[in-house]
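This tour proceeds by selection: each stop names what to pick in the viewer and then describes what is found there. Please open the structure and follow the stops in order.

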Amino acid sequence: MRKVIHKWFWVWDFEKEEKWLNEMAAKGLVLVAVGWCRFEFEDCVPGEYKIRLDFLENKCARVENEKYIAFLEETGAEQVGMMSRWIYFRKKVSGDNFQLFSDNNSRVHYLTRIIRFVALLSGLNLYFGCYNMFMFFQIRNYSYINLLGIVNLLLAVIGGWGVFRISRKRKKLKAEQQIFE
Amino acid sequence: MANPALTEAVYYILLSLMEPMHGYGIMQNVEQLSNGRVKLAAGTLYGAINTLLEKGWIDAVSGENFSDKGFSRDKGNRKKEYVITEHGKAMLHSEIARLNELIENGNRILKMEVEYEKSDS
């Protein structure tokens, strides 16, 4: 039986999201599709599946991404969905753990991909936010479109907070890298 | 200057590729070689393979009907195999020499310490 759950995760909460999806799988509900704040589950044997998230470097590099996904699928992982650049995999595990990254370097690179994307979105929102507010107050062009600058600025602040949170995670990993591989 | 240290993953990938192998084969082989200690994750392996290909330490050998230009959606044609190059082998040899130096120094100095302790008591 299919079950749909709507749930919101902040962009810096991807680890929490992954953990939640794995807890669902442990309870007997495995992810089968994703959408905007929307997760679709199906019944499974409790503990049969593990879920992992990945973040694509470049959404437009279709051939590159297909090659990567094909490579992962060769190793037994199964793509269940894609949302923006987030990609969701599941794998049937018999005792062994399912990980996408096994060394510090690739984990750091994963976080870097996310940080770059969030920073870009945040920067764009900051630019349009300032532009719209300028139009509203200075040019006295009182249109509602220009008032949207507030929304842009708000998104820019949220994105900036996200970059800060994820960068802190990355810094911890990098510090470890000085001693361990 | 001597070559910098290889990561454990790269070292074991290169060793595995003394004979042609596809991605999943490498993962299984590395786990077996290290008695289950080193478990390469697929995403990490993919990144390492691409870097090694760029550096020319390994080569892709076209598996059955695999063509790089027209990426086929047909699952049967996907598996790509890799093999070590002469350059890769040279890197392995210099890494093994480096590891030997580490081990010899470690053993020599720790043994000295054991002898000190013995003479103290």
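**Stop 1: Chain A as a whole**

Select chain A and trace the chain from its N terminus: the order of its elements is β-α-β-β-β-α-β-β-α-α-α. That amounts to five helices and six strands. Please bear in mind throughout that the model is predicted.

With only the C-alpha atoms shown, chain A occupies a box of roughly 65 × 50 × 30 Å along its principal axes. The chain has 181 residues, of which 25% are buried. Of the contacts in chain A with a separation of 6 or more, 66% are between residues 24 or more positions apart.

**Stop 2: The two domains of chain A**

Colour residues 3–92 of chain A as domain 1 and residues 104–177 as domain 2. How far apart do the C-alpha centres of domain 1 and domain 2 of chain A lie? The separation is 25 Å.

Next, turn to the place where the domains meet. Here six residues of domain 1 of chain A are in contact with eight residues of domain 2 of chain A. On the domain 1 side, four of the residues are nonpolar and two are charged, while none is polar.

**Stop 3: Strands β4 and β6 of chain A**

Select residues 49–55 of chain A, which form strand β4. Five of its seven residues are buried, so the strand is largely enclosed by the rest of the structure.

Now add β6 of chain A, residues 86–92. β4(A) and β6(A) run antiparallel to one another and are paired over seven bridges. To see one such pairing, pick A:Lys50 in β4(A) and look across to A:Lys91, its bridge partner in β6(A).

**Stop 4: Helix α2 of chain A**

Move to residues 62–74 of chain A, helix α2. The helix has 13 residues and spans 18 Å from its first C-alpha to its last, close to the 18 Å expected at 1.5 Å a residue.

Which residues of α2(A) are buried? They are A:Tyr68, A:Phe71 and A:Leu72. Looking down the axis of α2(A), one finds these buried residues within an arc of 95 degrees, so they line one face of the helix. A general rule is useful here: an α-helix has 3.6 residues a turn, so residues three or four places apart point the same way. A:Arg62 and A:Val63, on the other side of α2(A), are exposed.

To find what covers the buried residues of α2(A), show β6 of chain A and, from chain B, α2 (23–33) and α3 (42–55), which are among the covering elements. Just past the end of α2(A), select A:Gly76, whose phi is positive at about 100 degrees.

**Stop 5: Where chain A meets chain B**

Display both chains together. The contact between them involves 19 residues of chain A and 17 residues of chain B. On the chain A side, α2 (62–74) and α3 (104–137) each supply at least two residues. The greatest share of that side comes from α2(A), with eight residues. Sorted by class, the chain A side comprises eight nonpolar, five polar and six charged residues.

**Stop 6: Chain B as a whole**

Select chain B alone. Its four helices and three strands follow one another in the pattern α-β-α-α-β-β-α. Of its 121 residues, 23% count as buried.

**Stop 7: The sheet of chain B**

Show the three strands of chain B. They make an open, antiparallel sheet in the order β1-β3-β2. β1 (21–22) and β2 (58–61) are at the edges with a single partner strand each, so one side of each has no neighbour in the sheet. β1(B) is joined to β3 (residues 81–84) by two antiparallel bridges. In one of the pairings, B:Met21 has B:Tyr82 of β3(B) as its bridge partner.

**Stop 8: Helix α2 of chain B**

Finally, select α2(B). Its buried residues are B:Gly23, B:Ile26, B:Met27 and B:Val30. They span an arc of only 100 degrees around the axis, which puts them on the same side of α2(B). Their cover includes α2 of chain A, along with α1 (8–16), β1 and α3 of chain B. Just after the helix, B:Asn35 adopts a positive phi of about 55 degrees.

Technical notes: Residues are numbered from 1 along each chain as its sequence is written. Chains are lettered from A and ligands numbered from 1 in the order in which they are written. This is a predicted model: local features need pLDDT of at least 70, side-chain atom pairs count only at pLDDT 80 or more; totals for chains, interfaces and linings use all residues. Two residues are in contact if their C-beta atoms, placed from the backbone, lie within 7 Å. Ala, Val, Leu, Ile, Met, Phe, Trp, Tyr, Cys and Pro count as nonpolar, Asp, Glu, Lys and Arg as charged, and the others, Gly among them, as polar. A residue is buried if 20 or more other C-beta atoms lie within 10 Å of its own, exposed if 12 or fewer, and partly exposed in between; C-beta atoms are placed from the backbone. The expected span of a helix is 1.5 Å times one less than its number of residues. The arc is that of the directions from the helix axis to the C-beta atoms. Two strands pair if DSSP finds at least two bridges between them. Domain bounds come from an automatic or database domain assignment.
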